[in-house]
Amino acid sequence: MAEYSVGDIVLHESQGRGTVVCLEGGMMTLRLESGERLRCQASCAPIITILEQGRTELRDRAKADLFEYIIEQNKAIIEKLDRIERILGEQAQKPAEASEHHG
């Protein structure tokens, strides 16, 4: 099994070239040249070869792929936090409305 690093540019068996943008808990996320993201197990990913190692210094393309991945993850987290804040705000209003009707 190959050892992958964030920033490695790999050739996937069926999806083509991609950049490793995340390694977490045995899972690997690739950003493909098409712009799509592919998540697979690092131990059995159908990678034909590592085209460029990202260990020493990330290439500009790998940096861009990694930054885009981080931005998308942050957007998803912010959207979840906004939903939680909205739900908590609605729940806080309900007891206040209920006490106004009884009083």
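**A hairpin, its salt bridges and the elements around them**

Arg31 stands opposite Arg37 in strand β4. This pairing is a convenient point of entry into the model, which is a predicted one. The strands concerned, β3 and β4, run antiparallel to one another and are joined over five bridges. Together β3 and β4 make a hairpin, with four residues between the two strands. Within that turn, Gly35 adopts a positive phi of about 100 degrees.

Arg31 also has a charged partner outside the hairpin. Its side chain meets that of Glu68 in a salt bridge, with an N to O distance of 3.3 Å. The contact ties together distant parts of the chain, since Arg31 belongs to strand β3 whereas Glu68 belongs to helix α1, 37 residues apart. The two partners can be compared in their accessibility. Arg31 has a relative accessibility of 11% and therefore counts as buried, the limit being under 20%. Glu68, with a relative accessible area of 31%, is partly exposed.

The hairpin loop carries a further salt bridge. Glu33 pairs with Arg17, and the closest N and O atoms are 3.1 Å apart. This pair again links distant parts of the chain: Glu33 sits in the loop between β3 (27-32) and β4 (37-41), while Arg17 lies in strand β2 (residues 16-24), 16 residues apart. Glu33 counts as exposed because its relative accessibility is 55%, and the class begins over 50%. Arg17, at 32% relative accessibility, is partly exposed.

Helix α1 spans residues 60-102, and one of the salt bridges lies within this helix. Glu72 and Lys75 form it, their closest N and O atoms being 3.6 Å apart. Why are Glu72 and Lys75 separated by about one helical turn? They are three residues apart in helix α1, so about one helical turn separates them. Both residues are partly exposed, Glu72 at 29% relative accessibility and Lys75 at 43%. Salt bridges that share partners also join Arg31, Asp65 and Glu68 into one network. In the model as a whole, the count of salt bridges comes to five.

A nonpolar feature should be set beside these charged contacts. Ile77, Leu81, Ile84 and Leu88 form a nonpolar patch on the surface, and together they have about 390 Å² of accessible area. Leu88, one of these four residues, is placed in helix α1.

The remaining details concern the beginning of the chain. Asp8 is found in the segment before β1. Is Asp8 buried or exposed? With a relative accessible area of 0%, Asp8 is buried. A polar atom of the Asp8 side chain lies 2.8 Å from the backbone nitrogen of Ser5.

Strand β1 (residues 9-12) includes His12. This residue is likewise buried, its relative accessible area being 6%. The side chain of His12 reaches the backbone nitrogen of Gln15 at a distance of 3.1 Å. As for its relation to a later part of the chain, the C-alpha atoms of His12 and Thr49 are separated by 7.6 Å, although the two residues are 37 residues apart along the chain.

Conventions: Residues numbered from 1 in each chain as written. Predicted model: local features only at pLDDT ≥ 70, side-chain atom pairs only at ≥ 80, totals over all residues. Heavy atoms only, no water. Buried < 20%, exposed > 50% of the residue type's maximum accessible area, 1.4 Å probe, protein only. Polar contact = N/O pair within 3.5 Å; in protein donor to acceptor, adjacent residues only side chain to side chain. Patch = residues over 30% accessible without salt bridge, like charges linked within 9 Å, V, L, I, M, F, W, Y side chains within 5 Å. Areas by Shrake-Rupley, 256 points an atom, 1.4 Å probe, with all protein chains shown as cover. Salt bridge = Lys/Arg side-chain N within 4 Å of Asp/Glu carboxyl O. Pairing = 2+ DSSP bridges.
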